[in-house]
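Open the model in your viewer and keep a selection tool at hand. The stops below move from one backbone position to the helix before it, then to a core, and finally to the second chain.

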Amino acid sequence: MTMIMAEPAERNDSEAPSAPAEEMVLVDRARHGDLKAYDELVRRYQERIYATIYHMTSNHEDANDLAQESFVKAFQALKSFKGGSSFYTWLYRIAVNKTINFLKQRKNRQHMSLNDMDFNAEHNPDLVALISDKTPRRDAGLSELQEKLNAALLKLSESHRLAVVLHDVQGLSHEEIAKIMHCNIGTVRSRLFYARQQLQALLADYVKAT
Amino acid sequence: MSENENDFEALRRLLALKRREVPPPGYFEDFSSRVIGRIRAAEAAPQMPWLLRLLHAFETKPAYPVAFASGLCTLLLFGIISVEQSPELVSNPALTGPMASFSIAPATGQSLASVVNTNPPADVALFGSPQGNNTYASPQMVNYSLDGNN
């Protein structure tokens with residue numbers, strides 16, 4: 001299966017924080033074995049969980065497996081969910097731990113399955129603007145750019161990559177990331193800063209000097 | 001920090017490209033049904049062995065392996081401390097009972113040798129009297145002189 005470039009999906013941020021009561025009802029029903037309720041929870045978070053894992057692994061097949069396994073594991077562990085954090089944060093933690101364990105095992109295996117793209121995206125004005133004619137990006141196709149971007153991300157440690165993916169790609173706040181990563185906000189900021197520095201150096205040819 | 005954010009603005013715009021990487025249309029339509037299918041299959045499968053369940057618990061809750069490792073370290077420390085203290089236990093007759101409490105140090109002032117009689121006197125029961133008087137016999141030093149004066 002190949003990935004395509006498309007307009008980013010609108011993130012419905014109101015879903016998770018604004019309906020905790022409704023969500024807790026679903027969680028409670030799922031905890032008692034109601035698979036319909038759990039199906040609803042999966043539909044709510046499938047795209048975000050999948051996207052996070054995908055950006056961490058840069059591989060669709062791995063992301064597909066890990067996302068499904070994360071939801072299965074979350075269902076099996078629902079009894080241990082005490083509601084101390086939101087279901088969303090708890091689910092994210094499971095997915096992130098699973099992904100990090102997987103990445104540690106995969107350490108030496110790096111492959112990209114992202115070389116197929118929808119080249120119509122090159123007509124997207126935002127992307128065209130990104131490929132400035134004053135930098136070497138002029139000569140780089142989107143495919144190459146995408147590969148370089150993913151290769152650079154894969155060079156970061158898991159914790160640094162996760163900070164960048166959750167903040168700069170997924171758009172999560174420092175507070176949310178701190179809860180997911182089980183660390184304080186200062187640590188998140190520091191990891192983010194260090195990761196960006198590294199990425200800046202790795203992608204120096206592609207990042208337009210400001 | 002906002003200055004840092006500005007420093008990385010170009011990088012952030014580049015990273016925003018990642019948001020456009022999405023699976024083909026329709027991928028998420030049956031995603032939840034695949035998850036539910038896996039849950040049903042897992043429920044129908046035979047129960048995992050305890051070791052696999054333990055590993056599963058470790059994976060789900062990072063606190064478990066930490067607690068497990070801490071427990072192991074505590075046990076190890078306890079073991080080491082116990083072993084280090086064991087010579088004191090052996091040398092303390094009050095703690096080790098009558099069978100092991102003897103000394104082979106020669107009695108001073110004796111002509112040839114002295115030994116310790118480890119046999120209890122006939123009128124002292126080693127393991128308590130039938131009347132329930134469980135006082136242990138304390139070892140008594142008996143000196144044997146071999147100089148022919150006896």
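Select A:G33 first: just after α2(A), this residue takes a positive phi of about 95°. The model is a predicted one, in which local features need pLDDT of at least 70 and side-chain atom pairs count only at pLDDT 80 or more, whereas totals for chains, interfaces and linings use all residues. Residues are numbered from 1 along each chain as its sequence is written, and chains are lettered from A in the order in which they are written.

Step back to helix α2 of chain A, residues 20-31 (helices are DSSP runs of H or I with at least four residues, strands runs of E with at least two, numbered from the N terminus). Its end C-alpha atoms are 16 Å apart, which agrees with the 16 Å that its 12 residues should span at 1.5 Å a residue (the expected span is 1.5 Å times one less than the number of residues).

Next, select A:A67, which touches A:Q46, A:I49, A:Y50, A:I53 and A:A95, leaving aside residues up to four places away in sequence; contact here requires C-beta atoms, placed from the backbone, to lie within 7 Å.

Now colour the two chains separately: their contact takes 44 residues from chain A and 31 residues from chain B. On the side of chain B that touches chain A, α3(B) provides the largest share, 8 residues.

Finally, show chain B alone, where there are 6 helices and 3 strands, running α-α-β-α-α-α-α-β-β from the N terminus on.
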